[in-house]
Amino acid sequence: MSITTLGQFIIEKQQDFPYAKGELSRLLRDIGIAAKIISREVNKAGLTQILGEYGSVNVQGEDVKKLDIIGNETFIWALEKGGEVCAMASEENDDMIPLQGAYSKNGRYVICIDPLDGSSNIDVNVSIGTIFSIYRRVTESGTEPTLNDVLQPGNKLVAAGYVVYGTSTMLVYSTGKGVYGFTLDPSIGEFCLSHPDIKTPEDGKVYSINEGNAGEFPQGVTNYLNWVKETDKATNRPYTARYIGSMVADFHRNLLKGGVFIYPPTAKAPKGKLRLMFECIPMSFIAEQAGGKSTTGTERVLDVEPTEIHQRVPVIMGSKNMVDKVLEFMK
Ligand code: P6P
């Protein structure tokens, strides 16, 4: 049999983490279960006229929940069942959620998660995603978790990853020893290893930024954008713009093909729009583990000391040479 399922792969890699005693493996398994449930829900989202729009009551007389609420509840359920996680910070919740599973208090890990990022794209059938970070708790096992457990910098990550619900559903994660990609085979309900060692190209031709904000970018970003549009115009047009407005989809394309994703400060979002804990740290971890780079423009994203759960930062991430080029213009 030529396939390697997520579960088999995690066991194979378990010797990389002797101290994990299987806990991390079980935690990654729990994330995989939640991702499969959300994939099923996302892929029937188009049937809302049957299932009913959010806020309505469907034919079965049940309240229809928004998919990002379903996503959030699914992860809480899976992580409480699994017992490895004591607390969760979610893009959907203002405050940290101490998990209430039978064994949650003894969980040695905490999760920061955006259960369904880019959910505004669901109704127009654009790919969306789940983004997650895994830290070891800093408080004693068995005690009540505190905010210090979740407000940890990216350089303390144990693992991070994302699920992209697109033409296929893929789970991409890293535990600090490279980046692995798994594609869901719905016929057997298993994530199968499809990208055994993702490395992002050092260079690329794609720049991803919302140029609708062009009038508000820092001068350095504007100078970079002028450069990519003018450079080698006479000979060829090496650069192209690709921006779909769903971070996981934009990031995943650039990770595999090369590119730079930029969300700079704007008038509406003077600190940038994307959230440090739920979008920037996990994606920066993946970018760096795949040989790329990620910065706020002034410091490495993974070194930013978080001060609040929903903190936002500017981000420039992707192919190393492209990130360096943007930084060159920002100096
Ligand atoms: P804008 C989705 O709402 C999101 O958080 C990311 O997935 C996406 O990259 C970004 O916002 C898009 O923001 O301002 O360009 O629409």
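In this predicted model, Cys280 counts as buried, its relative accessibility being 0%. Cys112 is likewise buried, with a relative accessible area of 1%. A disulfide is a covalent bond between the sulfur atoms of two cysteines, and the structure holds 0 disulfides. For Cys112, the nearest cysteine sulfur is that of Cys86, which lies 11 Å away, and Cys112 is in no disulfide. For Cys280, the nearest cysteine sulfur belongs to Cys112 at 13 Å, and Cys280 is in no disulfide either. Because a disulfide requires two cysteine sulfur atoms within 2.5 Å, the separation of 11 Å for Cys112 and that of 13 Å for Cys280 do not satisfy the criterion.

The ligand sits in the second largest pocket, where the residues that surround the ligand are Asp117, Gly118, Asn210, Tyr243, Gly245, Ser246, Met247, Phe261, Tyr263, Lys273, Leu274 and Glu279. When the residues of this shell are divided by character, 5 are nonpolar, 4 are polar and 3 are charged.

Several members of the shell approach oxygen atoms of the ligand through polar atoms of their own. In the side chain of Asp117, an N or O atom is 2.4 Å from an oxygen atom of the ligand, while a polar side-chain atom of Tyr263 lies 2.6 Å from a ligand oxygen. Met247 takes part through its backbone, where an N or O atom is found 2.8 Å from an oxygen atom of the ligand. Taken alone, the ligand exposes 400 Å², and 80% of that area is buried by the protein.

Terms used:
Residues are numbered from 1 along each chain as its sequence is written. This is a predicted model: local features need pLDDT of at least 70, side-chain atom pairs count only at pLDDT 80 or more; totals for chains, interfaces and linings use all residues. Side-chain values use heavy atoms; hydrogens and water are left out. Buried means under 20% relative accessible area, exposed over 50%, partly exposed in between (1.4 Å probe, protein chains only). A residue is near a molecule or strand if one of its heavy atoms lies within 4 Å of it. A polar contact is a pair of N or O atoms within 3.5 Å; within protein, one must be able to donate a hydrogen and the other to accept it, and residues adjacent in sequence count only if both atoms are side-chain atoms. Accessible areas come from the Shrake-Rupley method with a 1.4 Å probe; for residues, only the protein chains shown count as cover. On a 1 Å grid over the protein atoms alone, a cavity is a set of points where a 1.4 Å probe fits but cannot get out, and a pocket is an open set with protein on both sides within 12 Å along at least five of seven lines; lining residues have an atom within 4 Å of a point. A molecule sits in a cavity or pocket if more than half of its atoms lie within 2 Å of its grid points. Ala, Val, Leu, Ile, Met, Phe, Trp, Tyr, Cys and Pro count as nonpolar, Asp, Glu, Lys and Arg as charged, and the others, Gly among them, as polar.
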